[in-house]
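Here are a few exercises to work through with the model open beside you. Try each task before you read its solution.

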Amino acid sequence: MSTPLTTLHQGWIVTQRDLRHWQREPWTPVFGILFSLMLLLVFGYLFGGAIEVPGGGDYLAYLLPGMFALTMLFGVETTMAAITQDAKRGITDRFRSMPISSVAIPLGRSVADLTNSAVQLAVLVVGGLVVGWRIEDGLANAALAIALLLWLRFAVLWIGIYLGLVLRGEGSLAAVQVIVWPLGFLSNLFVAPETMPTWLGTLAQWNPVSATAAAARELFGNPTGITDGVLAHHAVLVAFAWPLVLTLVFLPLSARAYRNLSR
């Protein structure tokens, strides 16, 4: 029976394997970065002049943390597709024939993806600084904001991994896209929920992505666009709690799906 330390060691070996794949085929993360930068330019400079932030503040400063959170949703299907392809090619069966924890393989995949996401996030932060965005509340709070963004990514990855193991094939890719786009746009990433119809604004306020974006804005010292509600006072706590709940639900489900996986 695998111990937690053994599982972590096995997961790290899988992580190294996946990172070598990224080195040989870097175009997927590169195109992900370019797409995020394109959205930044579109919303920041094309639409930004027509959008007001409740409570005041510059829209670009409001937008950037939202873009960081949105980037944490993109590309989940890449990791999910890799797991599905391993199952189809028999690689998963070879792993399962070894004394390896059922958590180690998806854990290694998720850590490799998280490393890639950290690089993409760093590039976007630098890009934001170039176009005029600024960190206004110190490096310690900024580091916590980055940690919460990656924490959201970690949780979303387990949703994608679970769907990839259960659905498999083309249907799993469509399922992730159906989740990602509503989560991303039915939120406070681009506009404040207070400007939406009441029922829509309520949904946006309770969106896990909205919590992370609100917490990141608060920690970066940027306008939050929130003047009332739970995110106005407890955004950091909610931004930690949502991914924790998602991870506690979908990590065990992914491990069970991996154990029950058949070709």
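**Exercise 1. Find the helix that holds Trp 181, and say what surface feature Trp 181 helps to make.**

Start with the address: Trp 181 sits in helix α8. Helices here are DSSP runs of H or I with at least four residues, strands are E runs of at least two, and both are numbered from the N terminus. Before going on, a word on the model: it is predicted, local features need pLDDT of at least 70, side-chain atom pairs count only at pLDDT 80 or more, and totals for chains, interfaces and linings use all residues. Residues are numbered from 1 along each chain as its sequence is written, and side-chain values use heavy atoms, with hydrogens and water left out.

Next, exposure. Trp 181 has a relative accessible area of 37%, so it counts as partly exposed. The cut-offs are under 20% for buried, over 50% for exposed, and partly exposed in between (1.4 Å probe, protein chains only).

Now the feature: Phe 35, Met 38, Trp 181 and Phe 185 make a nonpolar surface patch of about 360 Å². Patch residues have over 30% relative accessible area and no salt bridge; nonpolar side chains (Val, Leu, Ile, Met, Phe, Trp, Tyr) are joined within 5 Å, like charges within 9 Å. At least two patch residues come from each of α2 (27-47) and α8 (169-185).

**Exercise 2. Which residue forms a salt bridge with Asp 113, and which helices does the pair tie together?**

Look for a side-chain nitrogen of Lys or Arg within 4 Å of a carboxyl oxygen of Asp or Glu. By that rule you get 1 salt bridge. Asp 113 pairs with Arg 153, and their closest N and O atoms are 2.8 Å apart. Asp 113 lies in helix α6 and Arg 153 in helix α7, so the pair ties together parts 40 residues apart in sequence.

Then check burial. Asp 113 is buried, because its relative accessibility is 1%. Arg 153, at 2%, is buried as well.

**Exercise 3. Follow α6 to its end and work out what Arg 134 touches.**

Take the helix first: α6 has 27 residues and reaches 39 Å from its first C-alpha to its last, close to the expected 39 Å. That expected span is 1.5 Å times one less than the number of residues. Just after α6, Gly 132 takes a positive phi of about 115 degrees.

Carry on into the loop between α6 (104-130) and α7 (139-166), where you'll find Arg 134. Arg 134 is partly exposed, because its relative accessibility is 42%. Leaving out residues up to four places away in sequence, Arg 134 touches Leu 129, Phe 220 and Asn 222; a contact means heavy atoms within 4.5 Å. The Arg 134 side chain reaches the backbone oxygen of Leu 129 at 2.8 Å. As for Asn 222, its C-alpha is 8.1 Å from that of Arg 134, though the two are 88 residues apart along the chain.

**Exercise 4. Is Gln 205 buried or exposed, and what does Gln 205 touch?**

Gln 205 lies in helix α9 (residues 198-205). With a relative accessible area of 17%, Gln 205 is buried. Its contacts, again skipping residues up to four places away, are Pro 193, Ser 210, Ile 226, Asp 228 and Leu 231.

**Exercise 5. How many helices and strands does the protein have?**

Count along the chain: there are 11 helices and 0 strands. Of the 263 residues, 49% count as buried.

Conventions: Polar contact = N/O pair within 3.5 Å; in protein donor to acceptor, adjacent residues only side chain to side chain. Areas by Shrake-Rupley, 256 points an atom, 1.4 Å probe, with all protein chains shown as cover.
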